[in-house]
Amino acid sequence: MQLPDMHSAEAIPDAARAEIDRLLTSGDLFRYNAPQNAPVALLEAEFAEVMGSKYALAVSSCSAALFLSLKALGLPRDARVLIPGFTFAAVPSAVIHADCLPVLCEVGENYRIDINDLIAKLPDADAVIISHMRGHTSDMDAIMAVCTAAGVPVIEDAAHSLGTVWNGQKIGTLGAIGCFSFQSYKMINAGEGGILITDDADLVAQAIIMSGAYEHNWKKHPVLQDAFARHQNRLPLYNLRMSNLSAAVIRPQLPHLGTRVEDGRRNHDHVASLLAQSPHIHVPEPLPGEVRAPDSIQFNLVDLSDDEVETFVKAAETRGVKVQVFGTSADNARAFWNWQFVPDLPELPKTRAMLMRACDVRLPVHLPVETLGAVSDVLLDAIEAAKRPHAA
């Protein structure tokens with residue numbers, strides 16, 4: 001079976017075209033030109049409603065949302081921010097951009113942060129960023145309990161987790177601030193873009209001003225005005241705004257989110273059930289209370305040598321499925337040892353061992369069910385090819 005492009009992004013609905021054409025004709029791309037109801041402002045209201053949050057701020061990227069979140073928390077220079085050792089390089093980059101120091105925590109074979117390592121490092125921490133990496137949710141009950149007790153704020157990097165639910169609560173709403181991505185390979189595709197949500201008026205007021213709401217443009221945001229007044233002219237402007245054109249691309253996709261989440265979960269679980277045939281592939285189970293919204297699948301290779309891992313990757317690619325092994329792909333931005341910009345970069349043996357066998361395969365949510373079997377067959381055949389030279 002001829003496989004489709006496994007890296008294709010979600011299509012932009014036809015409903016976006018009229019608004020995009022209007023904006024292109026008018027040139028009205030700056031979010032603050034209109035006194036009210038600009039596309040970005042409407043997106044913020046709609047996204048906040050979808051998430052059940054009081055406030056939302058749309059910005060240029062999820063990295064920008066993370067950066068603004070850290071700045072809004074008022075952390076001192078060189079504040080220590082705990083992050084998982086398995087995340088995207090943008091996360092430690094945002095920490096450094098905010099004049100803070102990333103402190104890496106170990107991550108287990110199930111891709112979740114090692115709660116014991118987090119607890120051990122928490123006494124010296126000023127904030128915590130939990131990356132739900134590739135949509136895998138760490139034990140948020142345990143994390144929130146220890147962080148709340150220690151008085152340490154939690155930011156959720158939910159770039160991969162739009163639509164995920166933890167014990168009935170939407171991911172991104174558990175911490176002080178939740179940050180999401182609209183980059184092309186996410187549930188909602190705007191090419192680039194991000195958004196943060198919070199119930200804290202003071203935090204969002206600071207983030208809004210620093211995002212680039214200069215002079216009195218902050219008055220166009222539905223936030224308590226006295227929350228803004230105390231910060232006016234006291235905060236720097238970083239100009240990380242989202243344009244109306246990006247918002248026009250995003251807004252018509254919000255009604256499709258539920259279907260995309262269901263389709264993504266169906267695809268993931270179906271492929272996972274087929275891959276379970278092999279003793280050399282292990283797909284970690286979701287934690288109790290976790291209902292995921294995946295658009296990819298991750299699995300660990302079991303009892304394969306380094307040479308066999310290389311053979312597996314090449315065999316799968318030859319058959320049309322690109323497999324990324326986080327630790328062996330050259331200069332992978334998710335392998336912590338490649339974050340050479342991090343001061344005093346530590347060694348994380350548990351995380352390193354996981355990354356050397358952890359595989360990533362994109363499963364676009366629009367893939368039809370009949371294609372999933374072919375994808376699974378490729379992966380299973382590639383495993384056989386990797387082990388065949390060693391068969392007795």
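Strand 12, which covers residues 296-301, pairs with strand 14 in the antiparallel sense, and five bridges join the two. Within this pairing, Phe299 has Cys359 of strand 14 as its bridge partner. The model is a predicted one, and the points below take up strand 14 and its partners, then the two open sheets, the nonpolar cores and, lastly, two residues of helix 4.

**Strand 14 and its surroundings**

- Strand 14 runs over residues 358-362 and is mostly covered, since five of its five residues are buried.
- In a regular strand the side chains alternate between the two faces of the sheet.
- Ala358, Asp360 and Arg362 lie on one side of strand 14, while Cys359 and Val361 lie on the other, and with all of these residues buried, both faces of the strand are covered.
- Strand 14 also pairs with strand 13 (residues 324-325), again in the antiparallel sense, and here the pairing extends over two bridges.
- In that region Gln324 has Asp360 of strand 14 as its bridge partner.

**The sheet of seven strands**

- Seven strands make up an open sheet with mixed pairing, and their order across the sheet is 1-9-8-5-4-2-3.
- At the edges of this sheet are strand 1 (55-59) and strand 3 (101-105), each of which pairs on one side only.
- On average, neighbouring strands of this sheet are turned by 20° against each other, if direction is ignored.
- Helix 7, made of residues 201-212, packs on the sheet and touches strand 1, strand 8 (177-181) and strand 9 (194-198), and its direction makes about 20° with that of strand 1.
- Inside the sheet, strand 2 (residues 80-84) and strand 4 (residues 127-131) pair in the parallel sense over two bridges, and Leu82 has Val128 of strand 4 as its bridge partner.

**The sheet of three strands**

- Another open sheet consists of three strands in the order 7-6-11, with antiparallel pairing.
- Its edge strands are strand 7 (169-170) and strand 11 (290-291), and each of them pairs on one side only.
- Strand 6, which covers residues 165-166, is joined to strand 11 by two bridges in the antiparallel sense, and the bridge partner of Trp166 in strand 11 is Glu290.

**Nonpolar cores**

- The largest nonpolar core holds 58 residues, of which Leu68, Val81, Ile129, Leu196 and Ile208 touch the most other members.
- When neighbours within four places in sequence are left aside, the residues in contact with Leu196 include Tyr55, Ala56 and Leu57, as well as Leu68, Ile177, Cys179, Val204 and Ala207.
- Another core, of 47 residues, lies apart from the largest one, and among its members are Met51, Leu82, Leu118 and Ile197.

**Two residues of helix 4**

- Ser93 has its place in helix 4, which spans residues 90-97, and a polar atom of the Ser93 side chain lies 2.7 Å from the backbone oxygen of Ala89.
- Ser93 counts as partly exposed because its relative accessible area is 32%, a value that falls between the limits of 20% for buried and 50% for exposed.
- From C-alpha to C-alpha, Ser93 and Asp126 are 17 Å apart in space, and they are 33 residues apart in sequence.
- His97 also lies in helix 4, and its relative accessibility of 48% is why His97 counts as partly exposed.
- His97 and Ser296 are 199 residues apart along the chain, and 29 Å separates their C-alpha atoms.

Methods: Residues numbered from 1 in each chain as written. Predicted model: local features only at pLDDT ≥ 70, side-chain atom pairs only at ≥ 80, totals over all residues. Heavy atoms only, no water. Pairing = 2+ DSSP bridges. Helix = DSSP H or I, 4+ residues; strand = E, 2+ residues; numbered from the N terminus. Axes fitted to C-alpha atoms, helices over the stretch in contact; angles between N-to-C directions. Contact = heavy atoms within 4.5 Å. Buried < 20%, exposed > 50% of the residue type's maximum accessible area, 1.4 Å probe, protein only. Core = buried A, V, L, I, M, F, W, Y, C linked by side-chain atoms within 4.5 Å. Polar contact = N/O pair within 3.5 Å; in protein donor to acceptor, adjacent residues only side chain to side chain.
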